[in-house]
Amino acid sequence: MFSRLRLLPHLTLNSRVTLTSSRTFARAMSQKTLFEAIKEDHEEMYEYHDQYKRAHEKGDVDAQARWANQLRWEIARHAVGEEIVVYPLMEKHLGEKGKKLADHDRAEHQTVKEELYELEGLQPGSTEFDSLLTKMMASLHHHNDDEEVEDLPLLEPAIGIQASKEAAQSFKKTKKFVPTRAHPDAPNKPPYETLVGFLAMPVDRLRDTFASFPKEEEMKGAKEELKHLVKKRDASQLKRSHSRRGRPFKKERRSKKEKRFKKEKGFKNKGGFKEREAIQEG
Ligand SMILES: [Fe+2]
Ligand SMILES: [Fe+2]
């Protein structure tokens with residue numbers, strides 16, 4: 001209690017510190033936990049599937065193909081993100097139980113990936129395509145429920161809230177570098193450009209790719225440096241624009257000589273001191 005009271009006057013004296021602290025606090029509070037980020041993704045998949053089903057009911061084959069594509073990419077990005085970020089955490093922090101859960105999840109992902117490969121060769125709008133997509137979504141639903149009900153509720157308390165938020169950021173980052181849809185010239189492009197190619201990439205190789213990007217704290221440092229440079233640039237631009245207008249700087253305006261001059265002559269108008277000095281001499 002005592003240390004809290006001692007801190008308060010310091011914080012209230014420096015409003016900038018208070019503002020920055022509250023912003024950082026607000027940002028930290030608004031960050032999603034890993035559970036929230038994963039659950040949000042699962043819901044996104046269900047939403048795309050609902051859109052697909054609506055298009056199917058209407059018999060709109062184009063819309064079915066579009067929503068099925070969106071859904072397949074979302075599932076692929078999500079699965080790879082979990083394999084890179086979530087399952088290694090379960091293995092690390094939940095001991096034998098974590099290893100078993102992660103193996104089980106990877107096996108279920110493998111089934112889904114095989115179904116995604118299979119869908120690639122089928123025609124949207126066909127009965128085969130629709131039945132396979134329906135079957136895949138049913139097993140995925142069961143898998144997602146396992147993650148929400150068992151895996152993450154075990155993992156989150158084991159790693160703590162801060163690590164959970166950091167993991168959610170890393171999970172988001174892995175998704176950021178994966179395309180959301182196939183490139184039109186897919187067959188001639190590198191693996192990332194096709195869904196099948198992306199899923200065929202070994203997870204170890206994908207993890208290395210994502211690890212070769214700057215870390216969170218490095219990005220923070222770069223952003224701070226950029227902010228500082230922008231501030232410095234703005235200040236020097238302001239200085240130059242003032243000089244161009246021939247307006248003297250504050251220090252110059254408030255020089256002792258000017259003060260004395262003003263006092264003697266009772267000058268109250270604006271304008272440069274040198275200019276007025278010249279008028280007086282003239
Ligand atoms: Fe999963
Ligand atoms: Fe998941």
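**Helix α4 and its neighbours**

Hi everyone, let me start with a bend: helix α4 has a kink of about 40°, centred on glutamate 83. Before going further, please keep in mind that this is a predicted model.

Now, α4 itself. The helix covers residues 61-93, which is 33 residues. From its first C-alpha to its last, α4 reaches 46 Å, close to the 48 Å expected at 1.5 Å a residue. So please hold those two things together: the kink at glutamate 83, and an end-to-end reach that is still close to the expected value.

A quick word on the setting. The chain has 282 residues, and 20% of them count as buried. Its secondary structure comes to 13 helices and zero strands. Among contacts with a separation of 6 or more, 65% are between residues 24 or more positions apart.

Let's go through the partners of α4, beginning with α3. Helix α3 spans residues 34-58, and its axis comes within 8 Å of the α4 axis, with a crossing of roughly 160°. That makes the pair roughly antiparallel, and the crossing is left-handed. If you'd like to find this interface on the screen, the residues on the α3 side include Tyr48, Tyr52 and His56. On the α4 side, look for Trp67, Leu71 and Ile75, among others.

Next comes α5. What follows α4 in the chain? Glycine 95 does, and its phi is positive, near 60°. Helix α5 runs over residues 95-120, so we have 26 residues reaching 37 Å between the first and last C-alpha, close to the 38 Å expected at 1.5 Å a residue. The axes of α4 and α5 come within 10 Å and cross at roughly 165°. These two helices are therefore roughly antiparallel as well, and α4 passes α5 in a left-handed crossing. Glu83 takes part in this contact from α4, alongside residues including Ala79, Tyr87 and Met90. You may remember glutamate 83 as the centre of the kink. On the α5 side, the contact includes Gly98, Leu101, Ala102, Asp105, His109, Val112, Leu116 and Leu119. And which residues of α5 are buried? They are Gly98, Leu101, Ala102, Asp105, His109, Val112, Leu116 and Leu119. I do like that list, with Asp105 and His109 sitting in it beside the leucines.

The third partner is α6, residues 127-159. Its axis comes within 11 Å of the α4 axis, and the two cross at roughly 30°. An angle under 35 degrees counts as roughly parallel, so α4 and α6 are roughly parallel to each other. Here too, α4 makes a left-handed crossing. Ala68, Ile75, Leu89, Met90 and His93 are the α4 residues involved, and they meet Leu133, Leu140, Asp151, Leu155, Ala158 and Ile159.

Let me finish on one residue, histidine 93, which lies in α4. Is it buried or exposed? Histidine 93 has 16 C-beta neighbours inside 10 Å, so it counts as partly exposed. Setting aside neighbours within four places in sequence, its contacts are Gly98, Leu155, Ala158 and Ile159. Gly98 belongs to the α5 side of the α4 interface, while Leu155, Ala158 and Ile159 come from α6. The C-alpha atoms of histidine 93 and alanine 158 are separated by 6.4 Å, although these residues are 65 apart along the chain.

That's my tour, and thanks for listening!

Methods. Residues are numbered from 1 along each chain as its sequence is written. Chains are lettered from A and ligands numbered from 1 in the order in which they are written. This is a predicted model: local features need pLDDT of at least 70, side-chain atom pairs count only at pLDDT 80 or more; totals for chains, interfaces and linings use all residues. Helices (H or I, at least four residues) and strands (E, at least two) are DSSP runs, numbered from the N terminus. The expected span of a helix is 1.5 Å times one less than its number of residues. The bend at a residue is the angle between axes fitted to the seven residues ending there and the seven starting there. A residue is buried if 20 or more other C-beta atoms lie within 10 Å of its own, exposed if 12 or fewer, and partly exposed in between; C-beta atoms are placed from the backbone. Two residues are in contact if their C-beta atoms, placed from the backbone, lie within 7 Å. Axes are lines fitted to C-alpha atoms, for helices over the stretch in contact, and angles run from 0 to 180 degrees between N-to-C directions. Angles under 35 degrees count as roughly parallel, over 145 as roughly antiparallel, 65 to 115 as roughly perpendicular and the rest as oblique. A crossing is left-handed if the near helix is turned anticlockwise from the far one by less than a right angle, and right-handed if clockwise.
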